[in-house]
Amino acid sequence: MAKSNPFTFIQQVRSETSKVTWPTRRETAVTTVMVFIMVFLAAIFFLLADWLMGQGIGLLLGLGG
């Protein structure tokens, strides 16, 4: 692999970075809100799943649920 000096490397990084399509502030905000909503829904789902499994195991072991 050919070695390049640090100056050339930085130029290449800047060149590649300029090709990236960066999201707008609004796209970032909407995506962030959607992530928080999905995290909340997943937490509720796993809370209910855990509670239901605990109740079922309690009934199976005769612990009164």
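A helix here is a DSSP run of at least four residues, numbered from the N terminus. Keep that in mind as you click around, and remember that this model is predicted.

**Stop one: the whole chain**

Start with everything shown as a cartoon. You'll find 2 helices and 0 strands. The radius of gyration is 25 Å, well over the 11 Å that the globule rule gives for 65 residues, so the chain is more spread out than a compact globule. Turn the model along its principal axes and the C-alpha atoms fill a box of roughly 70 × 35 × 10 Å. Now switch on the surface: about 6,300 Å² is exposed, with carbon and sulfur atoms supplying 73% of that area. Buried residues make up just 2% of the 65 in the chain.

**Stop two: helix H2**

Next, select residues 25-60, which is helix H2. How far apart should the ends of its 36 residues be? At 1.5 Å a residue, the expected span is 52 Å, and the end C-alpha atoms do sit 52 Å apart, so the two values agree. Then step past the end of the helix to Gly 62, which follows H2 and has a positive phi, near 75°.

**Stop three: a nonpolar patch**

Go back and pick Ile 37, which lies in helix H2. Is Ile 37 buried or exposed? Neither, quite: its relative accessibility is 39%, so Ile 37 counts as partly exposed. Now add Val 30, Val 33, Met 34, Met 38, Phe 40, Leu 41, Ile 44, Leu 47 and Leu 48 to the selection. Together with Ile 37, these residues form a nonpolar patch on the surface, with about 940 Å² of accessible area.

**Stop four: two rings**

Select Phe 45 and Phe 46 and show their side chains. A search of the whole structure turns up 1 aromatic pair. How do the rings of Phe 45 and Phe 46 meet? Their centres are 5.1 Å apart and their planes stand at 75°; planes over 60 degrees apart count as edge-to-face, so that is what this pair is. Both Phe 45 and Phe 46 are exposed.

**Stop five: a salt bridge**

Finish with Glu 16 and Lys 19. Side chains of opposite charge can pair when their charged atoms come close. Here the side chains of Lys 19 and Glu 16 meet in a salt bridge, at 3.1 Å from N to O. The structure holds 1 salt bridge, so once you've found this pair there is no other to hunt for. Colour the two by accessibility: Lys 19, at 55%, counts as exposed, while Glu 16, at 47%, is partly exposed.

Note on methods. Residues numbered from 1 in each chain as written. Predicted model: local features only at pLDDT ≥ 70, side-chain atom pairs only at ≥ 80, totals over all residues. Heavy atoms only, no water. Phe/Tyr/Trp six-rings, centres within 6.5 Å; stacked < 30°, edge-to-face > 60°. Buried < 20%, exposed > 50% of the residue type's maximum accessible area, 1.4 Å probe, protein only. Expected span 1.5 Å × (residues − 1). Salt bridge = Lys/Arg side-chain N within 4 Å of Asp/Glu carboxyl O. Patch = residues over 30% accessible without salt bridge, like charges linked within 9 Å, V, L, I, M, F, W, Y side chains within 5 Å. Areas by Shrake-Rupley, 256 points an atom, 1.4 Å probe, with all protein chains shown as cover. Rg over C-alpha atoms; globule rule 2.2 N^0.38 Å.
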